[in-house]
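I opened my notebook to look up one helix and what surrounds it. My entries follow the structure shown here.

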Amino acid sequence: MMFEPKRLHPISAIINFVKTLKDAALPLILVLVLNGNIFRGNVDWLPLLIWAGVLLLVLGSGIIRWLRFTYRMEEGELRIEYGLIFRKKRYIPIDRIQSLDFSEGIFHRPLNLVKVSVETAGSSGNEKAEAELTAIRREEADELEEAIFQEKKHKWSGYDEESDMGGEIEESPREKVYGMTMKEIIMMAITSGGAGVVISGVAVFFSQFMDLLPVGTIYNEILDWIQIGILVVAFTVLVLLLIAYAISIVMTILRYANFSVFLDADDLIITRGWLEKKQMTIPLNRIQGIKMEENLIRQPLGYASVTLISAGGSVLKNDEHQLRLLPMIKREEVSEILKKVLPDYEVVKDFHQPPKRSLVRYIFRHSWFGFAAAIPLSVFFFPYGLLSILGGVFLAVLGWMAYKDAGWNVLRDQLTLRSRGIIKQTYTMKKYRIQSSYKKQTYFQKRSGLSSIEVTLTSGNGRALAYCYYMEEKDSNHIMEWYRMKKIREKPAKV
């Protein structure tokens, strides 16, 4: 199979220029700010002319790179040739290509273009994709994806009876297994915890803005109004929280609009996004486990989110949201969806829990820092500092919830561990996917017959850690023995 060499769309030169301009925005602003007042004519033009020359050089090099960049399919390989001065060639065998991930930014969508990231079997430890096609037409991307699929099918099919008879191998159609309505997306946005990120960003902005104000003068002016100062601060904080909450809701809706999950042969395809539309392909053989999360708001409502733990490549590292298989779903519906997508995994409902004597340890583990911090706060900020004790009480309640939610279950070749920090997390893992398993036990735990289990999985973000603390020691020994049997079976026989 052969394609004629093709070029990227010309807009790719502009996209690369904008990326470079964004990276150089800070030094450019510094030059403009520190170089005098351009409106009064008090300015040194030499640095500005140098910067303008650099930008023109970058734009020109981007155009040349676009002219010299070509890609094609030839002899079972994706062949890419590029280079500004020296001609470089990259040949990627079709067998190594795991997936093509599509994304559409603000430059792509009006022109019906997509950016294609090529993920290979060896790209799980890389920060970048194996290759990127910055901007090509959607039809060309679909054609490339189909060509790769046909090439793989031709190699894998061999000479079976159907091929010898001249028949065609039936292709499994793409099946939609899950989709979110706008009502569900809005509800997910309302119950999400993304407001904290926005609050921190808004707080940074206000902190910088306050540096520009004559705080001393303002303080002297409002000194007589100090009695209502607490109300003003409380109202300001409330407005800030509401603004951040609204921004968080809008961002979540834009990110997850048109969210759908498709099953296509041995791949999962996830599409989402409104302003920036993304399509991600996750090979099923890269999935290491499943994580189900329930935050403090969604858990009482019976909702959860399901995330895939995948040994995927650079795209997974750049955006963890792409691993959300079920962003928000009724807990009782999770099992039905997973049977379609990952039939080997079973959703466990019955768990073995830590013994009652572990309760004190859970409460102490979660709340000791809160009560320790409340002591100096109460002393130095008396009497309002006494309110910090409520923080310790909240953490103690969280420790009690962590004890109630902790549990484990071994079901044939599957291990399920459940725990809670602030969010309740349930990890479901296959024995052959577990990278390592640890039993931890302190001196005091040993005297009480308790121990803890920690299990690690390979993830695109590094490692995923599942744990269950303060179990019966015989239970942790049972899990370690269950996992040790994998090592015995994998050990090669002596000749």
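**Entries on helix H14**

I looked up what covers the buried residues of H14, and the cover includes helix H10 (298–301), helix H13 (359–380), strand S16 (407–411), strand S17 (414–420) and strand S18 (424–430). I noted that buried means under 20% relative accessible area, exposed over 50%, and partly exposed in between, with a 1.4 Å probe and protein chains only. Helices (H or I, at least four residues) and strands (E, at least two) are DSSP runs, numbered from the N terminus.

I reminded myself that this is a predicted model, in which local features need pLDDT of at least 70 and side-chain atom pairs count only at pLDDT 80 or more, while totals for chains, interfaces and linings use all residues. Residues are numbered from 1 along each chain as its sequence is written, and side-chain values use heavy atoms, with hydrogens and water left out.

I then read off that H14 runs over residues 388–405 and has 18 residues. Among its buried residues I found Ser 388, Gly 392, Ala 396 and Tyr 403.

Which residue of H14 did I find to be partly exposed? Ile 389 lies in helix H14, and I call Ile 389 partly exposed because its relative accessible area is 35%.

Ile 389 also helps to make a nonpolar surface patch of about 640 Å², together with Phe 371, Phe 382, Leu 386, Val 393, Val 397 and Trp 400. Such a patch takes residues with over 30% relative accessible area and no salt bridge, joining nonpolar side chains (Val, Leu, Ile, Met, Phe, Trp, Tyr) within 5 Å; a salt bridge is a side-chain nitrogen of Lys or Arg within 4 Å of a carboxyl oxygen of Asp or Glu. The largest share of the patch, four residues, comes from H14.

How values were computed: Expected span 1.5 Å × (residues − 1). Contact = heavy atoms within 4.5 Å. Patch = residues over 30% accessible without salt bridge, like charges linked within 9 Å, V, L, I, M, F, W, Y side chains within 5 Å. Areas by Shrake-Rupley, 256 points an atom, 1.4 Å probe, with all protein chains shown as cover.
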